[in-house]
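Colleague: I am new to this structure and should be grateful for a close look at a single part of it. Please choose one element and describe its surroundings with care.

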Amino acid sequence: MAEQKVAAYICQGCGLGDRLDTADLAKIAQKEGKVAFAKEHEFLCNADGVQLIKNDIAEGVTHVVIGACSRRAKTEAFSFPGVHVSRANLREGVIWVRPDSDEHRETTQEMAADYIRMSCAEAKRVNIPAGNPNHGGNKRILVVGGGMSGMTSALEASRAGYQVVLVEKSGELGGWANKLYKRIPFNEPFNGPQDTGVAEMAAAVQADGNITVYTNAVVSKTGGAPGRFAVEINHNGTPVAEEVGAIVQATGFTTYDTAKLPELGGGKSPNVVDQAGLEALMKAANGGAIKRPSDGGEVKNVVFVQCAGQRDDTGTHLPYCSGFCCATSVKQAMYFKDANPDVDTTVLYTDLRMPGNNEDFYRSAQNKGVTFSKGKVKSVEANGNQCKVAFHDLILNDENAAIADADLVVLATGQVPNAGTDIDAWTQAETESNNGQNAEAAQRAQELKVVSVLNLTYRQGPDVPQLKHGFADSHFICFPYETRRTGIYMAGPVRRPMDIAQATEDATGAAMKAIQAVENAAVGRAAHPRSGDLSFPSVRKEGCTQCKRCTVECPFGAIDEDEQRYPLFNEERCRRCGTCMGACPVRVISFENYSIDTVGSQIKSVDMPDEFDEKPRILILACENDAYPALDMAGMNRIEYNPFVRVVPVRCLGSVNLIFITDALNSGYDGVMLMGCKHGDDYQCHFVKGSEIANYRLSKVDDTLKSLNLETERVATYEVAITDIERVPKLINEYAAKIEEIGMNPFKGF
Amino acid sequence: MANKTYSFYPGCSSQGKASSSNYLTSTNSMCQKLGITLNEVPDWNCCGASIGYGGGGELPRVVLSARNLALSEQHNAGQDMVATCAACWLASREAKERLDHSPEMKADANVALKEAGLEYKGQAQARHMVEVLLEDIGMEALQSGVKKPLKGIKFAGYVGCQTNRPFGIVGESFENPMYLDNMIEAMGAEAVSNYDQKVTCCGGALAFSEPEKSQKQIKDIIESAYDHGADMIVTPCPLCQANVEIYQGEVNKRYGTKFNIPVTYYSQLITVAYGGTAAEAALGGHLVAPAKLADIANK
Amino acid sequence: MTEVVATNQTILVVGGGISGMTAALEAAECGKDVVLVEKNPVLGGRVSQLYRYFPKMCHPVCGLEINQRRIKMNPRIRVLTMAEVTEISGQKGDYTASVKISPRYVNENCTGCGDCAQAAETEIPDAYNYNLGKVKAAFLPSKMAHPQRYVVDPSVVGTPEGEKIKAACKYNAVDLEMKEETLQLKAGAIVWATGWKPYDAAKIQPYGYDRFSNVITNVEFERLADPHGPTGGKLLRPSDGKEAKNVAFIQCAGSRDENHLRHCSRFCCTASLKQTQYVREKFGDEASSTVYYIDIRAIDRFEDFYAKVRADQSVKLVKSKVAKIVQDPKSGDVVLHGVDTEGYHRYANSHDLVVLAVGMEPSVKGAGVPAEVAADASGFLIPGDVNGGIFGAGCATNALDVNRAVQSATASALRAIQVINKVASVEG
Amino acid sequence: MSEMKYHNNFLREVEERVEEGHMVKMCMQCGVCSGSCPFGPHWAHPPQELFMMIRAGKREEVLSSDSMWMCTSCYQCIVRCPRKLPITHIMHGLAYLAKREGKVPKGQPTAQFGQMFWDNLTKTGRVNELKLSLSLYFKDGFGQGIKNAMAMQSVGLGLMKAGRLNPLEILGGHSIKDKSGFQAMLKKAREIEDTRRKLA
């Protein structure tokens, strides 16, 4: 470690001076924490308190321990560039959660003293991250998919001054929009279909010097990491190599196959088409009247069947709603009404979903005479050149309503995303095939692999993980661009069913994130949620037993395997969550500023009373996103909890290595509480599986505890939300009572 | 008091010895005390009210009002045409709005009017008497002229439907208009607060053709007035006044109630408060005599 | 005087809700300098007043915690609270904005210890809880407040109580001499993210929001359900504090209505479905929610959420726009009159509490922006680059749910960066 | 015209021949009009259902229904309709069309009263209240007429005493001067509308 100089500062403000013996704390920092020097200050966070620290930094202090308020308070005041700061939470974590009475003064002082010991121990073991030296600096952006979304991402990135490589599978740019005669209007007046503008956009892309376009091209291989993606493109048969810094996947969707809807006439009559089919008819007629496909007869009556094969809860068709099809049917009805008002156009719907200012588009359609009936369509049967649409009219409560003589029936089918391989199914098939023995599984794995879009060489699979119903969407409401493959952003209908207006806005956002990814990769900075963190994981190769647990459990697929099957870290892909560190049975993975040591030393630095003092010790490993803020706010509400707990914030419960548990129990802790966020379907963990993996690992701890004939209650995990301000103190007090019940840890004092 | 002049459209029920002659008498007395001059529209005709559709189509009904407006423009140029009856005001204003918004209808109407030697130009505004009181004179001015405050009488301000909807009075809410309550208080009387039947329809013309259905409404209107401790009901509409007053006997027969509440006009309240006699306020023109009001008038 | 360094390579973000914070963060984490101006004392906007999100039922403050930590750690973002942009001049690449900063009466020394609040006696309406509760005249808007600095209400400044509050602070953070000041800031591009405000329910006369105490709005119901709300998370009705077990949700309260808001506000259907689960969460099988709707607009995987709520026995869905509401003065129960258009029966349903799913209005309508900007009929700014270097973001451009507002904010950040990069390439 | 279910034939006929009929297509089926109508319970098909039946082409059922005759013209539906349909006027228009097509249910009281009211006012230019009341009482024959009159006897006398009922009106009552011009005007107006609305 470079000449490291640790200094401690104990604040006496906000009541700390009255409630605690800060001189004693300074002494502990000096003697036990072994810091260079410790100072007290009556108001550390104000101007001259901060200046005091700055002066000491100028004289060589590299690590600062601040015994004051929570790390979440006064963050700007106590942030010193290039210097590590450890915060001992004496205010929200100690005096605000303990009663201000003489009877409790001693245990409160012990609590404070321990937090000082823990912060000093942590500070001493932290190396100031300098950022990974060998990172890629490529700032070009690969856009996969040349539809409106892909082209928008390319143009917007180019307008910000970045080079773009655009790969389009088909022979021409434009995607779904090419199939449209016109599109739903973006803005006022919403009185009719508007030109798609796709031709102009395609021309702009072709003419843009920053954008290299490959049509009839697919991505055959993608390796590397943000800032140094090595991409192999199969351009019309000839391989082309490109290096890019970030990727936007905008591969759009295909329409649901109408042949799967025989009950709605799908595939039964040429006069039953889906919306894409109707657009084709309209383009063929090129503004003139559409003729009946079956016999070229005049079309006098058109019926639009909404939610065809969608919102289906029988499990056969699509369970979701694609959102764009109501407005599209209305637009298509206007094609007929604009050409000839005498044509009857009826839209049969259960919920007409045209949100926002599309309500005006709905009004315009009504004004043009498009009629809307709320009804559940039961069947569409072809008879001769016309179709009979049978439905239950929900307004007039008529079970056997019907339109007997529809010349044309348009099924509003849904969007099926082109998200490539479902890597969960692929991983399942891969493991079942256990390298070739099980032929069926191997075949299945191969079939899944062949549809891959990005063909990532990642150990965890060739494409970005899919969230639900095959869409590769972010699971988070506040963070639509939180992706599980750093530097690879999804845009448009591939991530969620949407119309062109939302897709182009989404594509612009994705371009923004791609640009941000290349800029951060160029300086080795982490992406969201630990934005700006310069640390990166390093492995002590000689200790590694190639058990591959880290490569499997990494939620972001950042770890591949080299030829000797050692873990190969791709720092730029890493989100610095520490799940690999938690997974490693031989504890050889760590970060400069967050390692087995920085956490382990905090646990072991606590002054452990012996079993006769009736002062148990309970370790709390708290996730810094949900549990720790909840504890903080419990302090702000002055809700008291047991004085024998010692809270160690962790980046994610996934980073908790089992050694922390064994160290804690060995060094005399009587109980360990692990507080992470909700896992399962509606998981809340911003590192995706952190709390779930921790929960899985700890389910094994019970056997080891039993083998050491320790009660299983010694270790307990909890799912905690940031709003559980009353619940968390209750959990602590209940747990402390349980520990009191089962008595002290027999290992105490060894 | 300000002296203002308006072209006056009384309507069929506000003629000598007609069903709301008391409204006419009290209106004239009120205007005289407020310095308002009313020039009756010469040779005005019926507006068709809201039941005319049983016999007449849209254009014939519009033309009925167009003729009145044309006569008013011709003889009382520059004056707003003011009606006291809700239906007359509504028919005139709606006709005016349609004629002014549809050149085709205006042309058709004028072809028909030519048969009566008239032409609709669209210069005269169609207004209700209550609008004149509130907008041209104003509540404070109305209150300042009160000589005999109507102490000790509690009125339920029953606005009804067509005076209030769809045009509204001085932009007030359709659900809870306050102008009539404020007028009652301005005259020194007490107004029932949150009278829940304030804007309920009395059945209108259907009180004649569907008595049973309308009398259910009338029962609610009167019952709620009693529940809120009102001594009398006051209303701006002659049809409401007639229906709520005349059918009390029928309602009592049908529902076994013992209603016997006087139903007055705002014009009667103002006339009495401004020192008018019982005769000037036409207090004799009621089936259920507004005794307390008469006492104040006779003091 | 507050000094702020800003050049025409700085991005000015107006509005500190989730859209403004996102635009500021995405640009700053891409290496650009940002000044974030927020009218309220703290960041977070409407999202910080939500208890849970649909469809995941997760907590908005969790995202707020992460965004606040990103802001605290990022030196490129300068936050100005209690600040409003009153004037904008110049053009794309070279704007000057006048920013009026109202006095907070508390300076940087504030440690958030709360002693000043102990000393204060006067209570003022709690804006964070839509004035449903009260707070002391010296207050911290919420537990998640960032910046974590107290605020002293102008009503006590210059009074003995003001002096008492000032004396209570050990760190002379209370400065009663603070005056309103106006700064002139340079900016290359402006992201306008002033968000939305709930439509004034009192304007919907037949629903009597201004006459009946047990008729409240969806944003107010959200506060009742929030443990940090005025009732500590208990669903109690205003008239008599009774538990609101039988709740009615009225959709399209103001929206899709030519007499009020022409547009559909998009979020209110799924928000009401979410709020039925609050009633279920609090009262279990005794809960009864009824949603009166025209169309349930639950798009993409919100349909799964809608299916889940439909399966909940405690929730009934009635396709009808309620015609009129009357509150029984004695019992306090609210009776809803209308017709169920499916199968045609007339109802007069009684409920404990009525929640109006009011829609969104832009909090600063197009005309209110102190610059030449194009807006639609509802006053939402037209997104994209039609307004020179001023880019609408989030709910200032359209009635959006949080997810789409953040997408829009991220896109507007790129548009601002495009302008800045051009200015930089010219000026070097 | 045959009843073509769920075709726009009847909707187009309403748009052409009914007052404000062009707005029927704008209804979004929210139900606020049906819920707001004070006589709502007495409508076999409240306004919103009528609009849906028009779209569904149920011409016979709509025109022969007595629903639109239940409209008291109280405008509660108009001020609350989120699409601003002039519902009251459309109901009047549908009623008038039903009348011209002879589809009004036999003995529909409001239809009869409406016709009496129109005939009464067009004779002299102003309503003769006495004759109107008498024609209403005697509309179902002489015997029933006497019974109705006797039932309302006390009211009649009360009004007479209050000077609000003039028995002499039986002779002629109020009238406008230019009766001939007035009646010619109405005749011309009817002709114009009948051609424009294909009612003749």
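Modeller: A residue is called buried here if 20 or more other C-beta atoms lie within 10 Å of its own. The model is a predicted one, and the part chosen is strand E26 of chain A, which comprises residues 618-623. By the criterion just given, six of its six residues are buried, and the strand is thus mostly covered.

The two sides of the strand may be taken in turn. In a regular strand the side chains alternate between the two faces of the sheet. From E26(A), Ile618(A), Ile620(A) and Ala622(A) point one way, while Leu619(A), Leu621(A) and Cys623(A) point the other way. Residues of both sets are buried.

E26(A) also has neighbouring strands. Strand E27 of chain A, residues 645-650, runs parallel to E26(A) and is joined to it by six bridges. Within this pairing, Leu619(A) has Arg646(A) of E27(A) as its bridge partner. The chain passes from E26(A) to E27(A) by way of helix H17 of chain A, residues 627-636, in a right-handed β-α-β crossover.

Strand E28 of chain A, residues 671-676, likewise pairs with E26(A): five bridges join them, and the two run parallel. Here the bridge partner of Leu621(A) is Leu674(A) in E28(A).

To summarise, E26(A) is a mostly covered strand with parallel bridges to E27(A) and to E28(A).

Technical notes:
Residues are numbered from 1 along each chain as its sequence is written. Chains are lettered from A and ligands numbered from 1 in the order in which they are written. This is a predicted model: local features need pLDDT of at least 70, side-chain atom pairs count only at pLDDT 80 or more; totals for chains, interfaces and linings use all residues. A residue is buried if 20 or more other C-beta atoms lie within 10 Å of its own, exposed if 12 or fewer, and partly exposed in between; C-beta atoms are placed from the backbone. Helices (H or I, at least four residues) and strands (E, at least two) are DSSP runs, numbered from the N terminus. Two strands pair if DSSP finds at least two bridges between them. A crossover is right-handed if, with the strands pointing away from the viewer, the path from the first strand over the helix to the second runs clockwise.
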